[in-house]
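Here is a note on the model, set out point by point for a colleague who has the coordinates open. It begins with the division into domains and then moves through the sheets, the cores and a few individual residues.

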Amino acid sequence: MGMKVLLADEYGFCFGVERAVEMVEESVQKGETVRTLGPLIHNEQEMKRLATEGVATISEPVQITRDETAVIRAHGVTPEVQKALEEQAGKVVDATCPFVTRVQRLASRAAAQDRHVVIVGSADHPEMIGVKGYAPDHAFIIKDETEVASLPRLRNPMVVSQTTIKAKTFFDTAEAVKTKTDDEVEVINTICSATRDRQDAARALSGMVDAFYVIGATHSSNSVKLHAVCKENCERSFLIETEDDINPDDLAGVKTVGVTAGASTPEWLIKRVVERLRSLGADEEKNMGLK
Ligand code: SF4
């Protein structure tokens with residue numbers, strides 16, 4: 001009997017990353033020379049593919065020239081960086097994910113009302129650096145409730161979140177923030193469900209398979225977390241970057257193999273992994289309507 005391959009119900013590119021890649025493709029097709037500020041996505045294979053289309057990465061706005069198109073990636077940037085790009089580049093394509101734009105707008109609105117903003121997330125994450133830039137004198141970034149003690153007394157605070165953090169971390173922190181003010185605390189959950197949806201789908205599938213392949217980069221935090229989730233129920237879970245990382249020995253005796261992918265893994269790479277599994281004896285598949 002052949003090996004069966006099952007794809008998780010949710011996998012691969014999230015809405016914001018897919019949109020950013022499409023915006024880059026559009027500019028390339030118009031014949032523009034495209035430069036992204038920072039790597040567009042955490043996937044070396046996709047970055048290599050984009051490089052073949054002439055897309056390169058810059059690290060500072062000063063590196064862009066008038067004859068080039070600058071792309072702001074899904075994480076977004078501070079208003080200062082956006083302005084610098086607009087002054088330097090021939091054209092700016094803003095691929096900030098709309099879910100991130102929402103957090104930026106909320107921070108900006110609270111600052112305009114002279115309120116404090118507490119953002120729950122990682123201070124060194126590009127998304128957080130960008131959001132803080134919308135309320136530089138009013139916002140504090142804390143990673144969880146253990147850092148609430150470091151906050152000053154807060155004025156009419158608004159609490160928002162990095163889009164990818166855990167809901168429990170957010171709500172526990174928001175609750176603790178109440179000890180830092182006599183005013184009402186406005187709590188706005190700005191977590192995006194993409195990460196959780198992929199984890200929930202992987203968890204559901206991991207109990208039904210003998211082996212599980214998570215396609216993603218080892219430095220992509222959402223792929224690493226996805227792998228950890230799969231391991232909870234399926235010991236034979238592997239984080240792979242490409243089809244070449246599949247070791248056929250790992251599939252000995254396997255009847256059902258699960259496949260999922262991190263939010264920055266492109267569809268073409270997922271298809272290659274499925275093809276490789278097919279060549280190793282997967283002749284029966286389910287949920288194979290690849291996006
Ligand atoms: S994870 Fe969510 S917020 Fe982040 S880019 Fe993807 S869709 Fe947007």
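1. Domain bounds, as used here, come from an automatic or database domain assignment. On that basis the protein chain, which is a predicted model, is divided into domain 1 (3–12 + 194–286), domain 2 (15–96) and domain 3 (99–187). The C-alpha centres of domain 1 and domain 2 are 30 Å apart, and the contact between these two domains takes 11 residues from domain 1 and 8 residues from domain 2. On the side of domain 1 that touches domain 2, the residues divide into 5 nonpolar, 5 polar and 1 charged.

2. For the chain as a whole, the secondary structure comes to 9 helices and 13 strands, and the C-alpha trace spans about 65 × 50 × 25 Å along its principal axes. Of the 291 residues, 43% count as buried. Among contacts between residues at least 6 apart in sequence, 73% join residues at least 24 apart.

3. One open sheet has 4 strands in the order β3-β2-β4-β5, with parallel pairing. Strands β3 and β5 (91–94) stand at its edges, and because each has a single partner strand, one side of each is left without a neighbour in the sheet. Direction ignored, neighbouring strands of this sheet are turned by 35 degrees against each other on average. Strand β4 (residues 68–72) pairs with β5 in the parallel sense over 4 bridges, and I72 has D94 in β5 as its bridge partner. Helix α1 (residues 15–29) lies across β2 (33–37), β4 and β5, and runs at about 155 degrees to β2.

4. A further open sheet, also of 4 strands, has the order β7-β6-β8-β9, again with parallel pairing. Here the edges are taken by β7 (139–142) and β9 (186–187), each with a single partner strand, so one side of each is left without a neighbour in the sheet. Strand β8 (residues 158–161) pairs with β9 in the parallel sense over 2 bridges, and M158 stands opposite E186 in β9. Helix α4 packs on this sheet, touching β6 (117–120), β7 and β8, and its direction makes about 165 degrees with that of β8. Helix α6 (residues 167–177) likewise packs on the sheet, touching β6, β7, β8 and β9, with a direction at about 150 degrees to that of β6.

5. Which residues have the most contacts inside the largest nonpolar core? That core has 52 residues, and the ones in question are V17, V24, A107, V117, V118, I119 and V160. Its largest share, 6 residues, comes from helix α4 (residues 98–112), and the core draws at least three residues from each of domain 2 (15–96) and domain 3 (99–187). Leaving aside residues up to four places away in sequence, V24 touches V34, T36, L40, L50, V55 and V71. Apart from this core lies another, of 27 residues, among them L7, Y11, I240 and A261.

6. Strand β1 (residues 3–7) shows alternating side chains: M3, V5 and L7 point to one face and are buried, whereas K4 and L6 point to the other and are not. Strand β1 runs parallel to strand β12 (residues 256–261), with 4 bridges joining the two, and L7 stands opposite V259 in β12.

7. Two residues deserve a look at their backbone angles. Most residues other than glycine have a negative phi. D114, in the loop between α4 and β6, nevertheless has a positive phi, near 60 degrees, and D114 counts as exposed because it has 10 C-beta neighbours inside 10 Å. N156, in the loop between β7 and β8, has a positive phi of about 40 degrees although it is not a glycine; with 15 other C-beta atoms within 10 Å, N156 is partly exposed.

8. Is E53 buried or exposed? E53 has its place in the loop between α2 (44–52) and β3 (56–58), and it counts as exposed because there are 12 C-beta neighbours inside 10 Å, the cut-off for that class being 12 or fewer. The C-alpha atoms of E53 and A74, which are 21 residues apart along the chain, are separated by 20 Å.

Technical notes:
Residues numbered from 1 in each chain as written. Predicted model: local features only at pLDDT ≥ 70, side-chain atom pairs only at ≥ 80, totals over all residues. Core = buried A, V, L, I, M, F, W, Y, C linked by C-beta atoms within 7 Å. Buried ≥ 20, exposed ≤ 12 C-beta atoms within 10 Å, placed from the backbone. Contact = placed C-beta atoms within 7 Å. Nonpolar A, V, L, I, M, F, W, Y, C, P; charged D, E, K, R; others polar. Pairing = 2+ DSSP bridges. Axes fitted to C-alpha atoms, helices over the stretch in contact; angles between N-to-C directions.
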